[in-house]
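Q: Please take a close look at the salt bridges in this model, one pair at a time where possible. After that, follow the subject of charge and burial into the rest of the fold, in whatever order makes the clearest picture.

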Amino acid sequence: MKHIQKKIAMINDITGFGRCSIAVMAPIVSAMKIQAVVVPTAILSTHTQFPEYFFDDYTSKMPDYIQTYKNLNMDFDGIATGFLGSTEQVEIVIDFIKTFKKKDSMILVDPVMGDYGMIYKTYTPELCDKMKELVNYASILTPNLTELCTLLDISYGNGRFSRDQIGEMCDMLAKKGPKHIVVTGIQLNDNQIMNYIYTQGQTAKEIIVDRIGKDRSGTGDVISAVIAGMFMNGHTFYDSVKKATEYASKCIEYCEENNVPEHWGLSFEMYLNSLMED
Ligand code: PXL
């Protein structure tokens, strides 16, 4: 019988404590019956929101690591990328996608670059430009509003954009490659957050969720992983985003009720079984 289990390459950091990147993304897609193949970009003891962390950049080792997959003629049904630390690392990711993607592979790029109109300190103008290049290879893009503006060189201003403006920005990005874009975490008011869901050639949709408590680290990683898993399992982009936002909301609610510190990430383990399908 043909082996039909799908595999996704996750190019991301391995962070020990704090529930972000691979530590949440691999178990989530595993629960969805997809094989997670880890391609590390860095190894950290905790994520960078803690006052102290061990950080080992893996960039120089990535080419040899990846070469073995090239020699073994591997291919992937999906590739997901997250936080990237240097232009060199983005080059390696672009080469990885060019080498391993199949005709219908899902390429999810989470352009982790900033939030609330501010670009992270590690993002030099060169790195921002390189991320714009990576967008050309994505089939799914999951920016927040800050990242959407940065990728298009549009000023964030006060962060207030109409739905039409957001739609036009998605149109511009989609011309470069990604068929599906979800603009995450758009603040509608003090209590509500909107996710704007764009698929090329279709009318945009939105999912509005209640804001529960403060921001929690790793939320974006949980959402990308559920979207990737659902989409690879044949669900529509809208249904994938819907499931992802519902799942994240449940986890956040649990964290609030159980006083989980905000920088400990989401207690995604509590609801993994709700991602399992027969
Ligand atoms: O969740 C994003 C993320 C991923 N990886 C590392 C981080 C963060 C956010 O702080 O520090 C190492």
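**Salt bridges and their surroundings**

A: E133 and K130 are paired in a salt bridge, with 2.9 Å between their closest N and O atoms. The model is a predicted one, and every distance and area in this answer should be read with that in mind. Both residues belong to helix α4, which covers residues 125-135, and because they are three residues apart there, about one helical turn separates them. The two partners differ in how they are covered: E133 is partly exposed, since its relative accessible area is 30%, whereas K130 has a relative accessibility of 13% and therefore counts as buried, the limit for that class being under 20%.

A second pair with a helical setting is K242 and E246, whose side chains meet in a salt bridge with an N to O distance of 3.3 Å. Here the residues are four apart in helix α8, which runs through residues 237-257, so that they too are separated by about one helical turn. K242 counts as partly exposed because its relative accessibility is 31%, and E246, with a value of 41%, is placed in the class of partly exposed residues as well.

The side chains of R211 and D215 also form a salt bridge, at 3.6 Å from N to O. R211 is partly exposed, its relative accessible area being 25%, and D215 is likewise partly exposed, with a value of 43%. Beyond these individual pairs, salt bridges link K7, D75, D77 and K102 into a network, and the count of salt bridges in the model comes to 15.

Against this background, D110 deserves separate attention, for this residue is buried and yet has no salt bridge; the nearest side chain of opposite charge is that of K176, 16 Å away. D110 is located in the loop between β5 (101-109) and β6 (114-115). Its side chain does have a polar contact of 3.3 Å, made with the side chain of S224.

Acidic side chains also appear around the ligand, whose surroundings are made up of D13, T15, C20, S21, L44, H47, T48, Q49, G218 and D221. Sorted by type, this shell comprises two nonpolar, six polar and two charged residues. In the side chain of D13, an N or O atom lies 2.8 Å from a nitrogen atom of the ligand, while a polar side-chain atom of D221 is found 2.7 Å from a ligand oxygen atom. The side chain of Q49 likewise has an N or O atom 2.9 Å from an oxygen atom of the ligand. As for coverage, the ligand taken alone exposes 320 Å², of which the protein buries 85%.

One further buried residue may serve as a point of reference across the fold. M32 sits in the loop between α1 (22-31) and β2 (35-46), and M32 is classed as buried because its relative accessible area is 4%, where the class requires a value under 20%. Between the C-alpha atoms of M32 and K132 the separation is 30 Å, and the two residues are 100 residues apart along the chain.

Terms used:
Residues are numbered from 1 along each chain as its sequence is written. This is a predicted model: local features need pLDDT of at least 70, side-chain atom pairs count only at pLDDT 80 or more; totals for chains, interfaces and linings use all residues. Side-chain values use heavy atoms; hydrogens and water are left out. A residue is near a molecule or strand if one of its heavy atoms lies within 4 Å of it. A polar contact is a pair of N or O atoms within 3.5 Å; within protein, one must be able to donate a hydrogen and the other to accept it, and residues adjacent in sequence count only if both atoms are side-chain atoms. Accessible areas come from the Shrake-Rupley method with a 1.4 Å probe; for residues, only the protein chains shown count as cover. Ala, Val, Leu, Ile, Met, Phe, Trp, Tyr, Cys and Pro count as nonpolar, Asp, Glu, Lys and Arg as charged, and the others, Gly among them, as polar. Helices (H or I, at least four residues) and strands (E, at least two) are DSSP runs, numbered from the N terminus. Buried means under 20% relative accessible area, exposed over 50%, partly exposed in between (1.4 Å probe, protein chains only). Lys and Arg count as positive and Asp and Glu as negative; His and the chain ends are not counted. A salt bridge is a side-chain nitrogen of Lys or Arg within 4 Å of a carboxyl oxygen of Asp or Glu.
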